[in-house]
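The questions below ask why certain terms apply to this model, and each answer sets a value against its definition.

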Amino acid sequence: MPKKILNYALSFALIMMCLWAGNTIQHFFSLTVPGSIFGMLILFALLVSGLIKVDWIKPGAQFFIRYMIVLFVPISVGLMDHFPLLAANALSIFASSVGATTLVLVLLALGLQKILTAKTNKES
C-alpha cells in the first residue's frame with residue numbers, strides 16, 4: 001500500500017511539475033497559448049527522450065482519465081455563464097471551426113499524397 005501511494009505521489013508530482021513549467025513559460029514570454037499546452041509538450045518530450053518512464057506517469061494519468069468528467073464541470077459552468085456571448089458569435093465560431101478543420105484535412109491529405117507518391121516512385 002505505501003508503494004502504491006508513493007507511485008501516485010510521484011506521478012502527480014511529475015505531471016504537476018510539467019504543468020508548472022509550462023505555465024511559467026507562458027507567463028514569462030506572455031504568450032497566448034495556455035501554459036497547460038506547453039506543460040503537455042514538455043511531458044511528451046521527457047517521455048520520448050526516456051528521461052521519464054511511462055510507468056512513472058501511468059498511475060496519475062489513469063486517475064485523471066478515470067475522473068475526467070469532473071474536470072469538465074467548471075468549463076460547462078463557464079459556458080452556461082457566457083451563453084449570450086457564445087450565441088451572439090455562434091456563426092463566426094462555427095465558420096472558423098469548419099474552416100480550420102477543412103484546412104487541416106486538406107493539408108494532411110496533400111501531404112500524405114506527396115509522401116505516398118514519393119514512396120511509390122522510390123520503390124519502382
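Q: What makes Trp56, Ile57, Lys58, Pro59, Gly60 and Ala61 count as contacts of Ser11?
A: Contact means heavy atoms within 4.5 Å, and, with neighbours within four places in sequence left aside, Ser11 is in contact with each of these six residues: Trp56, Ile57, Lys58, Pro59, Gly60 and Ala61. This is a predicted model, in which local features need pLDDT of at least 70, side-chain atom pairs count only at pLDDT 80 or more, and totals for chains, interfaces and linings use all residues. Residues are numbered from 1 along each chain as its sequence is written, and side-chain values use heavy atoms, with hydrogens and water left out.

Q: Why is Ser11 called buried?
A: Buried means under 20% relative accessible area, exposed means over 50%, and partly exposed lies in between (1.4 Å probe, protein chains only); Ser11 has 0% relative accessibility and therefore counts as buried. Ser11 is found in helix H1, where a helix is a DSSP run of H or I with at least four residues, strands are runs of E with at least two, and numbering starts from the N terminus.

Q: Why is Val106 called partly exposed?
A: The relative accessible area of Val106 is 41%, so Val106 is partly exposed. Val106 is found in helix H7, residues 90-123.

Q: What makes Leu14, Ile15, Cys18, Leu43, Ile52 and Ile57 a nonpolar core?
A: A nonpolar core is a set of buried Ala, Val, Leu, Ile, Met, Phe, Trp, Tyr and Cys residues joined through side-chain atoms within 4.5 Å, and these 6 residues form the largest such core. H1 gives the most to this core, with 3 residues. Leaving aside neighbours within four places in sequence, Ile52 is in contact with Leu14, Leu43, Leu46, Leu47 and Ile57.

Q: How do you know which residues line the largest pocket?
A: On a 1 Å grid over the protein atoms alone, a pocket is an open set of points where a 1.4 Å probe fits, with protein on both sides within 12 Å along at least five of seven lines, and lining residues have an atom within 4 Å of a point. For the largest pocket there are 14 lining residues, of which Ile15, Leu19, Met40, Leu43 and Phe64 lie nearest its centre. H2 gives the most to this lining, with 6 residues.
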